[in-house]
Number of protein chains: 4
Amino acid sequence: MDFSSDTSASAHPAVLEALARINHGSQPSYGADEITAQLRQRLSVIFECDVEILPVVSGTAANALCLSLLYGPLQSVICHEEAHIERDERGAPEFFSAGGKLSCVSGQHARIDPVHLKALCEKADPEFVHETPPAAVSLTNLTESGTRYSLDQVAEICDLAKAFGLNVHMDGARFANAIVNTGWSPAQITWKSGVQCMSLGFTKNGAIGCDIIVLFGDMRQRIGELRARAKRAGHLPPKMRFISVQALALLEGDLWLSLAEHANQCATEVSRILLNGELGVLAHPVEGNEVFAKLPETIFDQLRQMGLKAYPWLDGSIRFVCHWATQKTELVQLDKASSSVSIT
Amino acid sequence: MDFSSDTSASAHPAVLEALARINHGSQPSYGADEITAQLRQRLSVIFECDVEILPVVSGTAANALCLSLLYGPLQSVICHEEAHIERDERGAPEFFSAGGKLSCVSGQHARIDPVHLKALCEKADPEFVHETPPAAVSLTNLTESGTRYSLDQVAEICDLAKAFGLNVHMDGARFANAIVNTGWSPAQITWKSGVQCMSLGFTKNGAIGCDIIVLFGDMRQRIGELRARAKRAGHLPPKMRFISVQALALLEGDLWLSLAEHANQCATEVSRILLNGELGVLAHPVEGNEVFAKLPETIFDQLRQMGLKAYPWLDGSIRFVCHWATQKTELVQLDKASSSVSIT
Amino acid sequence: MDFSSDTSASAHPAVLEALARINHGSQPSYGADEITAQLRQRLSVIFECDVEILPVVSGTAANALCLSLLYGPLQSVICHEEAHIERDERGAPEFFSAGGKLSCVSGQHARIDPVHLKALCEKADPEFVHETPPAAVSLTNLTESGTRYSLDQVAEICDLAKAFGLNVHMDGARFANAIVNTGWSPAQITWKSGVQCMSLGFTKNGAIGCDIIVLFGDMRQRIGELRARAKRAGHLPPKMRFISVQALALLEGDLWLSLAEHANQCATEVSRILLNGELGVLAHPVEGNEVFAKLPETIFDQLRQMGLKAYPWLDGSIRFVCHWATQKTELVQLDKASSSVSIT
Amino acid sequence: MDFSSDTSASAHPAVLEALARINHGSQPSYGADEITAQLRQRLSVIFECDVEILPVVSGTAANALCLSLLYGPLQSVICHEEAHIERDERGAPEFFSAGGKLSCVSGQHARIDPVHLKALCEKADPEFVHETPPAAVSLTNLTESGTRYSLDQVAEICDLAKAFGLNVHMDGARFANAIVNTGWSPAQITWKSGVQCMSLGFTKNGAIGCDIIVLFGDMRQRIGELRARAKRAGHLPPKMRFISVQALALLEGDLWLSLAEHANQCATEVSRILLNGELGVLAHPVEGNEVFAKLPETIFDQLRQMGLKAYPWLDGSIRFVCHWATQKTELVQLDKASSSVSIT
C-alpha cells in the first residue's frame, strides 16, 4: 500500500523501449537533434499551435527556468501560498530570477482566489520604487491540494492578469491528471485561456525524468534566452534526445492520458474506501490522482502498521497519491485495512 | 567520419540494459534510493576511501554545483584560461556562486602553469578589500587540449594550492580517458594528490547523461548543503536512481576504462593517419581521445567534402574527437580521405 | 503641518558643524580613518562592550548588508509581515543574500508574535532539502506600527531564536525613539537580551545619511567579510569619515536621545490632539515618534485641505510622523485644524 | 608629501558651505527634492542635452549600477584588463548584474586597443549558447594609468561598439581631469561620440562622496529601473539632496574644472621633478592628475624615509596622485627630497 508519491514510481515500459529504440548513431548535441524536433512538432499538434519547447529533468527546473523569463530581480510572481514554487523548491525561483520575490495569495483548495489576486494587483504600483511589483502569475494545475482549475477559473485568472499587464505561467506537473476526461483540450485550458507558458510534467506521469517547458505565442521569441539560461544552469545536457523521447513515448497513442486516467480512478477508489470506512473526511475534492483525508491520528497509525505508506500534509490531512503503476492489489489491501481499523 | 564530439554519440547498450533492469517497483525519491547508495559504495571502493556523491545530468551542472561549495560571491576560482568553466558554460560558475569570479592563468597545452599559479597566489591579499581573492583552484583532466596531467603535475598544483589555503576541484569530464593505461589509480591522481572534490564524467564515456560530483575527506561534510543547492537548481530529480545506475553500469567490469581505452586508441590512430599523410602538425600531444591538428584550410575543406565532421578549435587547430562508439570503418575512411587529399 | 516622514527633515545643525570641523587634511580612505575609529570606541562605550561597526548611508543598506552575514541563498530570515525589509526595500535582502527568502510571521502592532515564531521554527526541518529553513530572526524596534518591544519581549524572541539555533538582527532605524525614557540601556535591549547585530539608524534621528551596522560578540569576527560585502555593493565610500562623524555628532552629549525625546513628545501631542478632537481612534499605541490614527476619509480630506501632510498606511490608518525638527507651530496648527474639522 | 590618493583628501570648502546652505525645512525624500532636480537641469546644460541622473556615494556604486542597465547574467561587458571595474571593485559588476562576466582586452597605457576589441567582438556569436556574448563596452577616462582618451579614440571605440550592437559606458571617476584644457566639451567626448551612459565622479574632484550616473538619449527611459535597482541596493538614501548639492557646488562657476586643472598641473610638476632629478622614467604619459614612475627601489625607499606617501602600482611603477588640495609646499618638499636622493 504505497501511496507515498507519484515520484517514487518506476517508469512506464514504453519509455524504456523508446530510449532503446533511439540509441544508435550520432546526433547533434544540446537539443539540436531530430527527436527533440519531433517532440516540438508533436506538442505543436497537441496544443494546436506552433510552440517552442525545452525539455529538462525535473519539475523544479522547468518551473524556475520558465519563470525566469517572466520576472527579474526587481519584480515578483504571484502564486498560491501553498504552491510548489513557494513551498517545495528550496528557493529555486529566487535563484533563477536572481532574487525576485514570490507574492503569495490564498484561496480554497490551493486555487488562487481571484478576489485576493485582484486586491493584490490593485494595490501594486510599479512606479513606487520601494515595493516589488508583480510581473506574472503562476497557477498550478492540478493544484497542490489535488484539485483542478476549471476552464472558467483559468480564464478568470488570466483575464485578471492581462488587465494588470501580467503574464501567466502554468505549473502543469500533473497536467494530464488535471485535464483527462474533462473535455477541455490542452489548448483550451492553456494559451486559449491566456496562459503564456507552462511546465508540462511527464515525470509523475510515467517518465524517468522529463518535464517540458512550453512557450506559446509571443513567448516563443524567448527560446534563445531560455536555452542560454538553461545552459548556464547545467540544464542543457548534451544528449537531450534521451529526455525528449520520453515525452514522445508517453504522447504516443495518448498513453499520457490513459496513464493519468488510471491514476485518477485509483484515487477515486481510495477516497471511496476511506469514506466508506468512515475513517475520516476529505480535506479537498478529489479531482485528480491525489486524496487528502483528515484522519484521526490513531487511525493513521493503525493503517501504517498495516503497511500503508502515505505522508501527512501541510494542512494536517494525510495525502494519498496514486500513479500510473498503482496496483489493484494495493487498493484491495487498503480496503481490507480500512475495514479492520478500530475506530474508538 | 564523425569526429565532431564525444557528446554526440549514443549510449552504450549496457547503460540501457541497466535502466531496464531497475525499472520496477517503488523507490524513495531524490537520491534516497538503493541504487544511488550502491553507487556511493562502488565509488568508495574505486577511490579507496569513503566518498559522498551527487549524480547530475550534465558536466556543467557537476562543475558549477561542486565549485559553489568552494567559493562564494566574494571570492574567485583559479582556472586555465581555456578551461571549460571559463569558456563553455555560459557563466554557470558565476551563476551558482552568486557572482564569484574566475581568475584565469595560462599554461601550455591547457595545463595550468604552476609558475603563473604561484605568482597569482602570491599577489593576492585576502585582507585587501578591493580585490577578489582566490578560494580554490580548478584543474581539468583531460585538459581542453586533450592532454593529461601527470601524477606529479596534479600534486604540484595541489601543493601550491594548499600552501595558499586553497581547495582543489578537478573537472574530470574525461577522467577515464585521462587515467586509463597510465598506472595511476583514481585515488592517487585525486585525493591522495590533494584534490578535495571532482566532477566525474560518464556522459562522454558512454552514458545517456550522468556526471557524478564526488566529495573526498572533510568535503564530505558539505553533502547536505550540496543537496540543498542541487534542489534549488532543479538538479535533484525525483527518480535519481536512473542517473546513478548509468554510472554503475559503466563501472561494472571496468567498462568505463575499456571504453576510454578504445576512444584513446582511435585518437592515436587518427593522429597517426594525419601525420603519415603529412596533412599537418599536432597542436598538442595526443594523450586521450582528442587530436588537435593544425591543418591548412584547403586540406580541411577537402576532408569535409569527403565527409569529415570535425570542428575548428579556439587555437586555430582542428579538433578530432573519438569516443566509445567510434568505428574502425571511420578510421579507414579517414585514412583513405587522407591519402587522396591534394596538398598544394 | 508636515507629518509625512522623519526622512524628509533636514539635518541637525550639530551634524553640519561636525562635518565642517573635520574637513581638513588627508585621512586614510575606506574607513581606516581616525573618525571612524573614534565612532567605534564611542559605540563600544554606549553598548558597554567592544563592537565592530560599518557606517553606511541608508537604512536599507544597513539592513541588507547586516542580514547578508546571517543568511545565505539556501536559508530564510524570519520577520514580521509588515517589516520594512519585507515591504519597503524593493527586495534588498534577497539581493544581498543572493536569493534567500524572508519568512513572515504576524503579530499585533507589528511585533513578532512569539507563538507564531515558535510554531514556524518547530515546523522547520533543516535536513528537509525541499524547504528553506530559517537562519535568523529580524525584529524592528520601533516597529513599523510605531510600537516598541519591551526588554522582556526582545528577550523572549531572542530566547526562542537561540533555542532553534537562529541569530537575531535588530532593525533599529528608530532605535533612539524606542529606548529613550524607557530606562532600558542600549546594551540591555540588544546584546544582553540576545541580539547579535543591528542596524543603528541616525538618518531619521537628525543625520544627513548615516546608519551604522553594529556587530556584537562573536559576530565581530565577520567584520572583514562585512567590509568586503560593502565594497562589492558600493557601500565603502572613500571618505567614510564624513558618514561616521554624523553619528559622533549626534551621540555627543546624548543629542541623539534628546532629539528622539522631542520627536516622541510631539507624537504624543499629536495623538492627544486627534483623540481630544474625537477625530478618530488610534490603530496602535503611541510609543515613539509615530501616530497611526484611523480617521474617517472626510476628516482626513479636510485636514489635508488645511495643509496637513501625512500618508495613509498599509493598515488603512493615517500615519503622522514627528521628528527632531517638528515645530511647536505645527502642533498648534494641527490643534486648530482639528477643532475646525466638521464631523458629520 | 602625500601623493597617496585623491580619495584621501578632504572636501572643498564650497561643498561644505552648500550643504549648510540647503540644510533647512523639509524636502521630499529619495531624490524627489528640488536640489536633485536642479542638478539634473544643470547637467543637461553642461552636456547640451536632456539627461537623466542618479547621484550615489561612491564610484563603485555608480559603475556597477550603471552597468547593470547594460548587461545581465547571460552577457558580458568588455573592459580593459586593468579597469577599476575588473580590478578594484570586489566583483561589484558581477554582483549588480547577477553574475554577468567581464571580458578583458589589453591595450597600451590602460586604453582599450581597438584592434583587440574588434577581434573579440568578431569572435563572439550571440547565438552560440555555450559562450557569454558581450553586450557593452566600458571605457575609463582618465584611464587607470592616468592617460586620457582623445575624442577620436573615444569615437573609434564607440563606432566599433555600435557596429557590433554594443552599448558604451564611460567610467568618469576622473572625468574632469580628463577633459580640462583639452578643448573637448563634456558633450563631445561622451554622447556625441557614442557613449550611452557614464559615471561622473565628483568624489575625487573635491566632494565628500558624490558620483553621478548620467543617462543619455534612449538610455534615459531606463531611469525608473535604475532607481528601483538603486533602492534594492541601498543606494537611494532618503536625504539624497545632500549628495546632489555637492555636485551642484562643484559645477558652480566651473569649480570642478579649475580644481581638476590644479591637480593636473601639480602632477605635471611632479613628473618634471622626478625626470629632472633623473630618478626614473615615466611608465605612462602624464595626461591628468596622476604620475606613474618607474623608480629604483632604493630611490623609492629613500623618498619614503623623507616623508613621501605614494603606492606601488600593479605595473611595478610608483603612483603619485595629486588632487584639488595638493599644496605647493608638498611639491617643494618633493623637489628637495628628489635633489638629495643618492642614486647609486
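Copies are superposed by least squares on the C-alpha atoms of residues with pLDDT of at least 70 in both. The model on screen is predicted.

**Both chains**

Select chain A and chain B. A turn of 180° with a shift of 0.0 Å along the axis lays chain A on chain B, at an RMSD of 0.0 Å. That is the relation of a two-fold axis. To find the axis from chain A, select A:A233: its C-alpha is the nearest to the axis in that chain, 3.5 Å from it. The two copies use the same surface, since 100% of the contact residues of chain A recur in chain B.

**The two domains of chain A**

Now hide chain B and colour chain A by domain: residues 13–253 are domain 1 and residues 255–340 are domain 2. Their centres, taken over C-alpha atoms, are 28 Å apart. Show the contact residues next: 30 in domain 1 of chain A and 20 in domain 2 of chain A. About 2100 Å² is buried between these domains, with carbon and sulfur atoms giving 55% of the area. On the domain 1 side, select A:R174, A:N177 and A:V180, which lose the most area to domain 2 and together make up 20% of what that side buries.

**Polar links across the domains**

The rule finds two salt bridges across this interface. Zoom in on A:E287 and A:R111, which form a salt bridge with their closest N and O atoms 3.1 Å apart. Between the two domains of chain A, 12 residue pairs are in polar contact, both residues at pLDDT 80 or more.

**Helices on the domain 1 side**

Last, select α1 (13–21), α8 (175–179) and α10 (241–251) of chain A, the elements that each give two or more residues to the side of domain 1 touching domain 2. The largest share, four residues, comes from α8(A). By class, that side of domain 1 of chain A has 14 nonpolar, 10 polar and six charged residues.

Key. Residues numbered from 1 in each chain as written. Chains lettered and ligands numbered in written order. Predicted model: local features only at pLDDT ≥ 70, side-chain atom pairs only at ≥ 80, totals over all residues. Heavy atoms only, no water. Contact = heavy atoms within 4.5 Å. Domains from an automatic or database assignment. Buried area = accessible area lost by both parts, 1.4 Å probe. Salt bridge = Lys/Arg side-chain N within 4 Å of Asp/Glu carboxyl O. Polar contact = N/O pair within 3.5 Å; in protein donor to acceptor, adjacent residues only side chain to side chain. Nonpolar A, V, L, I, M, F, W, Y, C, P; charged D, E, K, R; others polar.
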